[in-house]
Each structure stands twice: as C-alpha cells, then as structure tokens.
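Me: I'd like to take a close look at one part of this model with you. Could you walk me through the place where the ligands are held?

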Amino acid sequence: MGTITVSPSNPATSFRRRTPDFPNDSLSASTLPPRKIFVQSFAGGKLAGRPCSGAMRIRSSSERVKKAVSNNHIFSSVADVSLNQATETSKVPKGEMWSVHKFGGTCMGTAERIQKVAEIVQQDSSERKLVIVSAMSKVTDMMYNLLYKAQSRDDSYTSSLDDVFEKHLLTAKELLEEDDLERFLSELQNDISNLKTMLRAIYIAGHATESFSDFVVGHGELWSAQMLSYAIEKNGKPCCWMDTREVLIVDPISSNQVDPNYEESEKKLEKWFAQRPPETIIATGFIASTPQNIPTTLKRDGSDFSAAILGALVMARQVTIWTDVDGVFSADPRKVSEAVILRTLSYQEAWEMSYFGANVLHPRTIIPVMKYNIPIIIRNIFNLSAPGTMICQQPEKEDGEGMISESVVKAFATIDNLALVNVEGTGMAGVPGTASDIFGAVKDVGANVIMISQASSEHSICFAVPEKEVKAVSNILQSRFRQALDAGRLSQVEVVHNCSILAAVGQKMASTPGVSATLFDALAKANINVRAIAQGCSEYNITVVLMQDDCVRALRAAHSRFYLSKTTLAVGLIGPGLIGGTLLDQLRDQAAVLKESFNIDLRVMGISGTKSMALSNSGIDLMRWREHLKEKAEKANLEKFVRNVQENHFFPNTVLVDCTADSDVANHYCEWLQKGIHVITPNKKANSGPLDRYLKLRKLQRKSYTHYFYEATVGAGLPIIRTLQGLLETGDKILQIEGIFSGTLSYIFNNFKGTRSFSDVVTEAKLAGYTEPDPRDDLSGSDVARKVIILARESGLKLELSDIPVQNLVPEQLRDCASSEEFMQKLPNFDDGFSKQRNDAEVEGEVLRYVGVVDVANNEGAVELRRYAKTHPFAQLWGSDNIIAFTTQRYREQPLIVRGPGAGAEVTAGGVFSDILRWKPQSNHTIQVLLDKLRELGNSRF
Ligand SMILES: NC(=O)C1=CN([C@@H]2O[C@H](COP(=O)(O)OP(=O)(O)OC[C@H]3O[C@@H](n4cnc5c(N)ncnc54)[C@H](O)[C@@H]3O)[C@@H](O)[C@H]2O)C=CC1
Ligand SMILES: N[C@@H](CC=O)C(=O)O
Ligand code: NA
C-alpha cells in the first residue's frame, strides 16, 4: 500500500459527510473552517442545546478528490483530523445501557422498510442504542459492478452510477421530507459526483487498488445510515449517525480477512464520544479503517461483524441481528420441512453451525461478543412475533419459563460435493510422520481438508476434501507415496467420489451418553451407509461422511430422530377400501389425541387405490381424505407413491399400510423393508404365499431395523399373532392351534339356525364387512387356510398353502363365476344343500363349525367343516367371533384361548392401527401408556 503519510486528502475524512444538519444551527457548514467538529443543536424542541457528534462533516469537494486522485494521494493515510482536533475527551459510556441492533440489506431494502426499522429502533426502550446498518439491498453489488465496469473500461459504469443515484433518490423522496430530504440529497449528489471522478480515474487506469474498491463499495452504508438517521429524527427522536471508518480500526490479515484492533478503535471511540452524541446512533456496517486511516471493509458478512465489534466495544447488553428469517433453524428448512427455529444456541454451537454452512453468523462475528458474554439475537423484521434465536453462553434452560431444554443435538448441517480419500496400508502403523507426510502433500496442492479420521490401529487415514480438489490430492499422494505403494507398505490411495458430510451439532453432546448411538441408529434405520466418522474431543459435533445421494435422507432421518422421530410417522396407505377407509377415519379421530397427549404425529403422506392416488407434502387432511382422493388424485403409480411417502419428506419412520388383498402389492414388501420402510398389513397374501418368499421376508425383517407387523391377518384385531409370538419367544412349545379363524364363517354358522336361508346369512356377513372382497375366499376355506398357514409358519412349520387340505364350501358350479356379484346372485340356488347339512347336525344335537387346525407335532394342518356338540366352547360363539385355542407345553391341560370378534371394519382397522403404533422404539412402555390413556378416553376398541 506504500508509505503512509498524513495527508488531508484521505477520503475517509475528506468524504466524511454531514450529520443531519440542524435548521437553526447558528453555525453554517459552509461558513465554518474545515475540519472542525460541529456541535449540532436542534431547535424547535428537537434536540435543543444538545451537543452532538455524528459523522464529522468536512464538506468534500469533487475538486479535492480529483486533485487527490491525480496526485495519487487519495489513499494516503490521514489522521482523522476532526477527531484528532477534538480536545474534549470523554469516557465512552459502556455496559448494560446499550442495546445494539444490526439491520441487513433486506431490512433496509425500501423506504417503507427503512421506516419500519426506524419504528423498531424507537420501540427499543434501552437507554442507549447503537444501530448498525447495511447498504440497501443490492446496493453493494451495484457498487462492485460499477467498479468492475470502470476497471474493464466499460463506459456503462456512468449509467450504472446513475442507477445507484436514482435508487437512493427515490427512496429518500419517499422516506424524507423538506429540509431532511434536501440535506440528504445534497450529500448524495456530492458523493455521486465524487464517485464519478474516482471511477473515471479507475476507468483510465483500468485498475482499482483494494483501498479504492473498499472506498467505493462502502458508500451504500453511508447513505443507508444517513437515511435511517433522518427517518428517526423525523419522529422527533434525537439521533445521529456514525461513519464507522472514524471509529472502527482493523488490521488487514489477508485479502479477505481483517482483525479488529480494539485498542485503536477504543481510542477512536473515546474521541468520537467526546462529542457527546445523543442516545441513538446509526452506524455504518461493513466499513472501517486501517490503523493508517485507510478505508477498508470487514469483508463478507461485514455488517454483522461491525455490530459484534461495536457491541463488544460498548459492552452492550445484547446485539440483535435483524434479518428476514425467524431465527436459526435446526436444519436447512429447504431440505427438512420439519426443521424448527431454535430458541437458543450456545456460541460454540453457532460457531459449528456456521462452519457447516448454516445461514447463521460468520464464526468471526461471534468472537467479539463471546468475550463479554453478550448475547446475539437473530430476529425477523417481517415477523416481530417470532422470538428469534438467542446465541449466548450455553443456556441452562430453554427459556425463562423453565421449559425443558432443546434436543441434545441442536442442529444438523451438511456439506456436499466432497470426496473421501483413504490412505491405507500396514506400513503406516507406528511410523511417525506418516500423517504429516500425507497432509504436507495435501497442503502442497492447496487443498482444504474438511475432516480427518484415523482409527487407532493406524492402518488407514481417511479425510474429506472438496471434490474439485481431489484429483490433485490423489495425484500428489500417488506420486509422493509411490515407493511405499510399490513396496506394499501402503496398499492403496483410494478416492470415494460424490460424498457429503452430515454434522450433528450440540454442546450438550459432550456430557450426554448415547447421542452417537441414536444418530447412527437413525441412519441405520434409514438404510444409510456411513463411510467415515469424526468427532473431536470437544464433542460439539459428530461428523459423518456418506454418499451424497443419501445426504438429504440422512439429514432428515437424523433430524427427525432428535426432533421428531419418536413422535412423527409418515404413513402411506394402499387400498382405501373397507378396512383402509375405516383405518383412515380412525387415524383422523385419534390424530389430535395422539399428538396432544402422546406427542405422536401421524402424517398420511399418500393414499393409493387401484386406479388413482393422492399425495401430499405435509400430510393429507384426514377430515377430507375422501374429497382429497377425488379432487387431488393422480394416476396410481406404486413406485412414485412409495417414493413420495418415504423420500420427499423423510421421516425416518415411514410405514406403508397395505389394506388390499392383492398379491402384487405383497410382492413389494421385501423391497420396502430393504428401503427402511416399515410394513403393516391385514393382507394375508405375503405370509401365506410361496414359502421361499415368506422365508426371505422374515429373514429380511430379522436382519433389518424395519418392522413387519401383520396382526390383523389372523383374528383381525384379536391378539393372535402377538400371543403366539409371546409364547414362542418365552420358550414355550406349541403343540396345536385349533380354532374358528373365519369371522365370516363363524357368523354364518352362528346365525344359520333354520330361520334364514344360507345365502341370506352370507349376504348379511358380506354387508357387515366380515367377508373378503370376494366372499368365495371365505366360503372356499382358502381364507382360513391362509390363516392356518400363517400360524403354522409362525410356529416354525415350513408348509405351503397347498399342503393344507381344505374343505371347500363353495358349490362346484359357482367356483368359476366371473365375479363375486354373480356368485352372490346364484348362491340361493344351493341353499337347500346347506340346510340339509345343518338339519342333520341339529338332529344329533350338534352344530356346524368351520375350523382350522395347526398340528405342530405332526407338521400338518387342516381346514374343514366339523360338527360339535352344543356344549362345546366352539358352539357357544356369537356374531363374527373367532376362537383360537393354543395347546402348548405350558398350556397342555387347558389350552390358552383367545376369543372375540374376528372380522369387521372397526376391529380389523383397530388391529392395523395398533400395529402402526408398535413402530415406536420404546414401544412397550409407551404403547402401554398410550393404550391406557385411550381406554381412559373411552375408546373401547383398545
Ligand atoms: N374385512 C375384514 O374383516 C378383514 C379384512 N382383512 C383383510 O383386509 C384387506 C382389505 O379388506 P377389505 O377392506 O375388506 O377389502 P376391500 O375390497 O373393501 O378393500 C380393498 C381395497 O384395496 C384396493 N386395491 C386392490 N388392489 C390394489 C392395488 N394393487 N393397489 C391399490 N389398491 C388396491 C381396492 O380397490 C379396495 O379399495 C384384505 O386383505 C382382507 O383380507 C383382514 C382381516 C379382517
Ligand atoms: N374375511 C375374513 C376377514 C378376516 O380375516 C373373515 O371373515 O375372517
Ligand atoms: Na389378530
């Protein structure tokens, strides 16, 4: 930057503009000698007699700028003459009295918004307010564009400068009036004309130094600060504005980094405050000066940084960063629709989050305030009712009302477009310097290592670098370690492309066991393969590397586990017929209770019939699911349906409920379980289908973390499968299972008493919703045979459906009817035959009962119509009752009997519903609590 000399031509001072002028100020700027501090006083009761500093006002002139540019002095340093001449020194008021606000470009985007900012500032009742503003939105880009054009000798820079002028002119006209407007416009015109001169010089030189550039781009803040200051004053509130180049001194570290120089800034601030400014100060964000008084900027996110440094300098009570979001989200809301606004974040957590690209604060913004434990609050200017996120020391409690603290893992973030490099070989173990050699090589190609992991066996080191840098990294490692590779001391330098990092951030992770277990469990259940893991000793974050294709799913799975998982379940329902429809109604009726009392959030993300399906992004409104299915339907497509239910939203708990009787749907269960989707069904086709498919399904279910529940396939809602599993799991041995497994046939034979014809009773069973979609499946015995097979297989028998002899009650002539309707129509023709069988039994004092038997000891089963004495328990049934007797080693003398309605919409749907709720990890206890509560609420079916 050359030798620093003191010269009056430093734009940091020479361009310093006037603070709002005061109408009756006896001292007129133009009549005063330059470089003298103005003490402003408001007449008319505004700020009478109050001494006020603001930006010091040495009226600049384009002539001086031109001269300075031509003398090449323009960025020579100059002491802040006005400040240096301030003889009066006063201590800067510090501490709790200060509230610091920062308003970003969006907040300052229009006259209306600036006005709103003015109101917010005024509403803050703090004793002293320091308000840092960015340039109006887009202005900084416009300024950079001007520079770029001038440097590229593009003549249109002049018209671009006109645009900048126009934008501020229009805003000011809308915002300000009379004298204020006049004064602002006069300053604006001055600045624009100076800029014109300067840009012309840049145009001629075809180059702008960094200082030139910083000087030019910083104008946006100068103008926005002035406008806001005028707007606040307009409402009668004393206010002045601060050109932070007079106060904020920073040491440049590199082309994109500066360090605050607190000592120098402190001195400057002292001098600035010597002029005793009013309680409200509007300061320019982003811009500062070097110790040599050369204008500079605070680089990226500079205004936040300005606010943090100034907040620290005055030891403010708090720093509020106003933006256009409600606060810091627990994950990127574009990827995780369930992301929540965090009420609090510790400084370290915010730090970690911002490193991982979360749109929080730049890490350096946190450093100045951390020192004094000054909280930073992120708030939404467009939603004042949102409390925002407070970044502070690790808070003990969620909020002042003693609410429980947020999740141990506060937030999740991801970084995409990474590659994993794995350097592996036995020759690495115990050889000091290997890591240094590896990372030395990586440094030599200028690659940025994002995470490193080495297992204690020292057999391999893996690290992640940006994808675009991995080729160079791989090449240099291959060449540096050529000898070791050739000699076999290193086995490989492997590159895994298309990786992402998922980071879980939370300060409390450090003292909470089981966090990583929970995280990895969530990933495992989502079938996501973890390629590498890293956790520093600070335990503020756990970082996992995974394939990029899995990243969003992983993010959602992990997020849901810590924020929603135990409570949120994405449901896809296939087959909204009698059972499916009743289930949807039950879900609708219970949704509120589940959510309010048990924090279980069931979302039906899709409903699919044979021809059409309805999908939703956030959950179908179950009050209107039928209408939704009609109005919002699209052509059914099972693949798309499943994808929507699982992937679009990714609640790690995804359940597909198959309420069809379709084998084709059942054929997909394996694939769904493999994808981490739980399957719940009353459909018997999978468990009674081909044995090899069944065995594969069960193996997969055991191996995967996903659930496959099918309680309603036998005895509808009755606990048959669970009872059997309970016996087996606790070591009992099943000898025989015998019973009436068909609600339809039970109903038919319980009601076929000679008063109504057989076909009439079948029609009643159908109307009552007991039958299969085609009642011949019941009458043929195939439905019972399926149940027998299901129980036989559950008991360990490897039987096919065809191994079960079945007595078919469907008359020969009706077996080939094209439809169930035709069958029902023709059935009355066979009533006499059925009446005869019933009468024959009656004569013997017996009843007909259609039973199924699983004879475990003999590895066989049977399904047949039997006659039982009227005193037999099977003869005592009512309605659609099923009765199932388990004879086991423990229940040898007296079988364990389960009895109750074994068909019908409500009980079956209730059984499916209960299976849905079983997915919960802590199912036993919670479900018990849940069921107790539901019972308490008068839900008899539970
Ligand atoms: N009704 C009852 O009491 C009991 C029924 N079940 C079982 O529940 C299941 C459903 O029975 P219901 O509701 O009575 O039958 P239903 O015929 O009323 O409903 C089945 C629904 O599935 C739809 N469907 C069929 N194939 C489909 C496909 N590939 N994709 C999408 N949708 C498809 C149909 O259009 C219909 O809406 C059956 O598997 C049945 O065995 C189990 C226990 C008791
Ligand atoms: N149709 C079946 C329904 C239950 O599985 C029956 O009648 O039992
Ligand atoms: Na059951």
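To start us off, which residue has a side-chain N or O atom 2.7 Å from a nitrogen atom of ligand 1?

Reply: Happy to! Please keep in mind that this is a predicted model. The residue you are after is aspartate 662: an N or O atom of its side chain lies 2.7 Å from a nitrogen atom of ligand 1.

Let's stay with ligand 1 for a moment. Glutamate 772 places a polar side-chain atom 2.5 Å from an oxygen atom of ligand 1, and a polar backbone atom of glycine 577 is 3.5 Å from an oxygen atom of the ligand. The protein buries 81% of the 830 Å² that ligand 1 exposes when taken alone. There are 26 residues around this ligand, and Ile579, Thr660, Asp662, Glu772 and Gly904 come nearest. By class, that shell has 12 nonpolar, 11 polar and 3 charged residues.

Now for the space itself. Ligand 1 sits in the second largest pocket, and the space taken by ligand 2 is that second largest pocket as well. The volume of the pocket is about 660 Å³. It is lined by 36 residues, of which Ile579, Ala661, Thr771, Glu772 and Pro773 are the closest to its centre. Helices α19 (578–598), α27, α29 (776–779), α30 and α33 (905–917) each contribute at least two residues to the lining, with α30 giving the largest share, 3 residues. Sorted by class, the lining has 13 nonpolar, 14 polar and 9 charged residues.

On to ligand 2, where glutamate 772 turns up again: an N or O atom in its side chain is 2.7 Å from a nitrogen atom of ligand 2. Two lysines also take part. Lysine 684 has a polar side-chain atom 2.9 Å from an oxygen atom of ligand 2, while a side-chain N or O atom of lysine 787 is 2.8 Å from an oxygen atom of this ligand. On its own, ligand 2 has 250 Å² of accessible area, and the protein covers 94% of it. In the shell around ligand 2, the elements that give two or more residues are α27 (743–751) and α30 (782–794). Of the 13 residues around ligand 2, Gly743, Thr744, Tyr770, Glu772 and Asp778 come nearest. This shell divides into 3 nonpolar, 5 polar and 5 charged residues.

If you want one residue to centre your view on, try glutamate 772: its side chain has a polar atom 2.5 Å from an oxygen atom of ligand 1 and an N or O atom 2.7 Å from a nitrogen atom of ligand 2.

Terms used:
Residues are numbered from 1 along each chain as its sequence is written. Chains are lettered from A and ligands numbered from 1 in the order in which they are written. This is a predicted model: local features need pLDDT of at least 70, side-chain atom pairs count only at pLDDT 80 or more; totals for chains, interfaces and linings use all residues. Side-chain values use heavy atoms; hydrogens and water are left out. A residue is near a molecule or strand if one of its heavy atoms lies within 4 Å of it. A polar contact is a pair of N or O atoms within 3.5 Å; within protein, one must be able to donate a hydrogen and the other to accept it, and residues adjacent in sequence count only if both atoms are side-chain atoms. Accessible areas come from the Shrake-Rupley method with a 1.4 Å probe; for residues, only the protein chains shown count as cover. On a 1 Å grid over the protein atoms alone, a cavity is a set of points where a 1.4 Å probe fits but cannot get out, and a pocket is an open set with protein on both sides within 12 Å along at least five of seven lines; lining residues have an atom within 4 Å of a point. A molecule sits in a cavity or pocket if more than half of its atoms lie within 2 Å of its grid points. Helices (H or I, at least four residues) and strands (E, at least two) are DSSP runs, numbered from the N terminus. Ala, Val, Leu, Ile, Met, Phe, Trp, Tyr, Cys and Pro count as nonpolar, Asp, Glu, Lys and Arg as charged, and the others, Gly among them, as polar. Grid points are joined across faces, edges and corners, and a volume is the space filled by probe spheres set on the points.
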